[in-house]
Every structure is written in C-alpha cells, then in structure tokens.
Amino acid sequence: MTETTQTQTTPPEGAFEPYKTRSPEFRAAADALRGLRHDLFQDAFAYRPLPRMSTDGPLTRRLPGRPREYAPWAPHALITAGGLLAMLIASKDGFRGAGPNLILGLLALAPVLLTMVRPVIAFWLSMAATPVATYLGSSWGGEWPWRPGSFACHLLVLTIVAIRTRLRTAVWMWVLTAAYGILAPAVFPYGATFGTDTVEMLFVSALALLAVTIWHIRREAHQEVTAQQTVTAHERSRRTLLEERTTIARELHDVVAHHMSVVAIQAEAAPYRVENPPPELERAFVTIRENAVAALTELRRVLGVVRAEDYEAPDAPQPTLADIDALLANVRDAGLVVEKAVTGAVRELPQGVELSAYRIVQEALSNTLRHAPGASARVEIGYVLGGLGLRVVNGPMPEPSLVKPSPGAGHGITGMRERVSMLNGEMTAASTDEGGYEVTVFLPVPMPVSSEGDA
C-alpha cells in the first residue's frame with residue numbers, strides 16, 4: 001500500500017499582486033508619483049549642458065561676421081543677464097551689511113546659472129535658497145515668503161527649466177512651489193501676519209509655464225511637419241523612380257519582344273528558303289524557334305506584372321534618334337528656341353540606346369520649357385567611337401520673375417539618371433556659369449566584333 005502525501009505550499013506575500021485589479025484613478029496616481037520620483041529625484045543630478053543656438057535662423061543669417069560668430073551663445077548670455085538682474089534685486093533687500101547682501105545676491109544668482117548645466121538641481125537650490133533669503137531679508141513685512149530677489153530668481157528658474165525639460169517636470173515644479181507657498185505660513189506663522197505673495201508667484205509662474213507649453217507644442221508640431229514633409233518627399237522621389245523604371249521595363253519589353261518575335265518567325269521560315277535542307281539544319285531551326293518562343297513567353301510572363309491593367313502597347317514604333325527633328329519641331333511650336341548640332345558619323349545604334357537618348361533629350365527640353373521659359377536651348381549629338389554623347393544646354397531666363405511654380409513632381413533628372421544607369425553610362429546635370437542649365441550624357445555602345453571572314 002502506497003501512502004501519498006500532499007504538501008500545501010503557501011505562496012509568498014505579494015505573489016498575486018500584479019493580478020489584482022486596479023482602478024484607473026489608482027493607476028493614474030501611481031504613474032504620477034513615479035513621474036515625480038523620476039523627474040525630480042532620480043534625474044536630479046543629470047548633466048544637461050545648454051547647447052549653443054543654431055545660426056541658421058531667419059535672424060542670425062542676416063547678422064554680419066563678428067556678431068554671427070557670437071550669436072550661438074545668445075541663450076547663455078540671456079540666462080546670465082537674468083541671473084545678474086535677480087542678483088541686483090536681491091542684494092538691495094538686506095540691511096545687515098555687505099556680507100548678507102552678497103549672500104543674498106549669490107543665492108539669487110547661483111540657481112539661475114545652474115540651469116545651464118543641471119536644471120533640476122537648480123530648482124531644488126532655488127527652493128532651498130528661498131527661506132534663507134527670507135531670513136536674511138530687511139524685514140518680515142511686505143513680500144513673504146518670496147522676497148523680491150527670490151521671487152525673480154525662482155520665476156526665472158521655473159521658466160528656464162520648463163524650456164529645457166518636458167512639461168511634466170515643469171508641472172511638478174509648479175506644484176511643489178504651490179505646496180511651499182501654502183505650507184510656509186504654517187511653518188512660520190509669524191510671517192503670515194504680514195500677508196503672502198504666493199498667489200502672485202503662482203499666477204505669474206502659471207502664465208510663464210503656459211507660454212512655454214505653447215512654445216513646446218508649436219516646436220513639436222513644426223518638427224512633425226518637417227519630418228512628414230521629408231518622408232513625403234522621399235516617397236515621392238521613390239514613386240517617381242519606380243514609375244520611371246516601370247516605363248523603362250515596358251519599353252524594354254516592347255523592344256525585346258519585337259526582336260524575339262522576328263527571330264522566331266525567321267527561324268520558322270528559314271528551312272523553306274533552302275532547297276532540300278538537311279535534317280540537322282531543320283532541327284536546328286526548330287530548336288531556335290522553340291527557344292525564341294519560350295524566351296518570349298517567359299519575358300511576357302515576368303515583365304507583364306509591370307503593365308497596368310489599362311495599359312495598351314503603342315501602335316507606333318518606339319522613337320529613335322531619327323525622330324529628334326520631329327521632337328524639336330514640337331517644342332519650337334511650344335515657344336522654345338532650340339537648335340541641333342550633330343557631330344561624327346551617323347550610324348544605327350541599338351534600339352535601347354536610341355530610345356533612351358530620345359527620352360533624355362525629350363525630358364531635358366521639357367525641363368527647359370517648365371523651369372526656364374523664354375530661354376534658348378541647344379541639343380548636341382555626338383557619334384564617337386565608343387558610344388553616343390548627348391549635351392542639352394539652355395541659356396539663362398530673360399525674366400526670372402515671370403517663372404511660375406511647376407506643378408510636376410520635379411524628378412525628371414531622376415528618370416534620366418535611371419536610364420543612363422541602366423545602360424552603364426555617365427551623366428552630369430548642373431547649372432552653367434551663365435545662369436542656364438546643362439545636361440551631359442555619355443551612353444557606351446560596344447563595337448561589333450568583326451568575324452574572320454569579314455577581315
């Protein structure tokens with residue numbers, strides 16, 4: 001007979017604490033206390049040096065040389081000036097001699113200057129200096145518990161720390177300031193007989209924090225808009241690039257499909273051109289035709305995904321350099337004065353090269369019409385030994401004030417670079433010294449390999 005012993009284990013205290021339901025109010029209070037502990041106690045000694053101001057602002061860009069060099073230190077100078085002003089106010093509040101007056105001035109200056117390196121500690125130093133300044137003040141009458149110097153110092157500290165930290169930290173500082181103003185009469189009842197300036201401190205500091213909060217919101221909104229504009233511009237450029245690649249793929253499909261179809265038809269008709277062809281030759285032509293048809297089918301299957309549902313293959317053949325004259329006549333009708341110059345021995349180039357060259361010239365002239373209306377243009381085509389050279393240059397605009405914003409995406413250069421990169425060519429696009437714009441392209445064309453019979 002086997003005896004089974006069951007041992008009951010008591011869970012440790014607090015083991016089921018995370019599973020207890022908490023009310024939203026309790027969670028909000030716990031989060032607030034954790035924020036207070038993190039912002040004002042754990043993060044109190046954080047070293048946060050005040051960064052220099054950027055010189056790219058609308059005002060700093062207009063400054064001359066020497067003032068612009070010192071402009072980045074403007075925030076440091078303003079904080080120092082505010083601290084000196086609080087020091088001046090505090091030093092006139094004592095009556096016990098130069099020593100206490102100097103102490104009062106330093107108690108007002110030190111927290112303001114400390115905001116430039118350790119803002120949270122500066123708040124605690126201002127809070128600790130307030131009762132000391134009250135004790136060293138000229139009398140217990142008048143302003144209390146903030147003497148004039150302490151009032152100016154603490155208001156500056158609250159504002160600067162709110163600017164340099166987040167809104168939650170500034171709210172906690174304002175709450176602790178209010179708590180000190182409410183509890184000070186209970187701790188020092190003899191001072192409360194003269195009235196307090198707690199309401200004035202809380203009202204003025206609340207206005208300052210409200211202004212800082214609005215500034216924070218506007219800055220964050222501006223940063224979000226700038227980031228969104230950057231993302232939008234990147235996506236627009238990427239979309240334009242993809243659209244251009246899609247267009248190139250369609251044109252490439254049409255060119256290759258045409259030649260592969262010709263190869264298949266010629267391979268099928270070749271045996272009928274020879275009287276009594278040997279069986280080996282017939283099988284070779286059959287194999288050529290089958291491979292051409294298979295390649296054509298695979299090409300249509302792979303590149304067909306880039307065609308839109310409503311895309312239809314053009315009835316007319318793709319343009320080549322022989323159609324440049326018609327293109328120039330078209331842009332002349334649009335008002336562009338353009339001339340053409342051809343150098344070298346004109347020869348037939350691969351269809352992909354001629355198509356890309358035509359599109360590059362077309363896009364360059366379109367950019368001239370959009371961005372430099374009234375300017376003249378020149379198209380240079382050079383047939384050289386290793387390829388084809390293109391140069392499209394336009395002169396300066398006669399009246400720049402008449403130029404209207406272009407509604408296009410402004411990525412025509414991207415499409416030209418994509419075509420040049422596809423053909424392993426080189427391209428430069430930049431402004432000229434005369435104020436115009438120049439696009440220079442070189443498209444390499446491999447030389448045909450001569451056979452021994454031709455030699």
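This is a short tour of the pockets, cavities and a few single residues in a predicted model.

**Stop 1: the largest pocket.** Start by selecting L50, P75, I163, R164 and W215, which lie nearest the centre of the largest pocket. Show its lining as well: 16 residues in total, enclosing a volume of about 420 Å³. To see which elements to colour, pick out α3 (74-91), α6 (148-164) and α8 (198-269), since each gives two or more residues to that lining. By class, you will find ten nonpolar, three polar and three charged residues there.

**Stop 2: the largest cavity.** Two cavities of 30 Å³ or more turn up in this model. For the largest, with a volume of about 90 Å³, select A90, A108, A133, G149 and S150; of the 14 lining residues, these are the closest to the centre. Keep α6 on display and add α4 (98-114) and α5 (119-136), as each of the three supplies at least two residues of the lining. Colouring by class gives seven nonpolar, five polar and two charged residues.

**Stop 3: the second largest cavity.** Now select A162, L167, A170, L209, V212, T213 and H216, the residues that line the second largest cavity. The space inside is about 30 Å³. Which element gives the largest share of this lining? That is α8, with four residues; α7 (167-187) also supplies at least two. This lining has five nonpolar residues, two polar and no charged ones.

**Stop 4: a patch on the surface.** Switch to a surface view and select F203, L207, L210 and I214. Together they form a nonpolar patch with about 410 Å² of accessible area. Zoom in on F203, which sits in helix α8. Is F203 buried or exposed? With a relative accessible area of 54%, F203 counts as exposed because the cut-off is over 50%.

**Stop 5: V361 and R391.** Go next to helix α11 (residues 351-371) and select V361. Its relative accessible area is 1%, so V361 is buried, the limit being under 20%. Add R391 and draw a C-alpha to C-alpha distance: the pair is 8.4 Å apart in space and 30 residues apart in sequence.

**Stop 6: N424.** Finish in the loop between α12 (412-422) and β4 (426-431), where you can select N424. Check its backbone: N424 has a positive phi of about 60°, although it is not a glycine. N424 is also exposed, with a relative accessible area of 66%.

Terms used:
Residues numbered from 1 in each chain as written. Predicted model: local features only at pLDDT ≥ 70, side-chain atom pairs only at ≥ 80, totals over all residues. Heavy atoms only, no water. 1 Å grid on protein atoms, 1.4 Å probe; cavity = no way out; pocket = protein on both sides within 12 Å on 5 of 7 lines; lining within 4 Å. Points joined across faces, edges and corners; volume = space filled by probe spheres on them. Nonpolar A, V, L, I, M, F, W, Y, C, P; charged D, E, K, R; others polar. Patch = residues over 30% accessible without salt bridge, like charges linked within 9 Å, V, L, I, M, F, W, Y side chains within 5 Å. Areas by Shrake-Rupley, 256 points an atom, 1.4 Å probe, with all protein chains shown as cover. Salt bridge = Lys/Arg side-chain N within 4 Å of Asp/Glu carboxyl O. Buried < 20%, exposed > 50% of the residue type's maximum accessible area, 1.4 Å probe, protein only.
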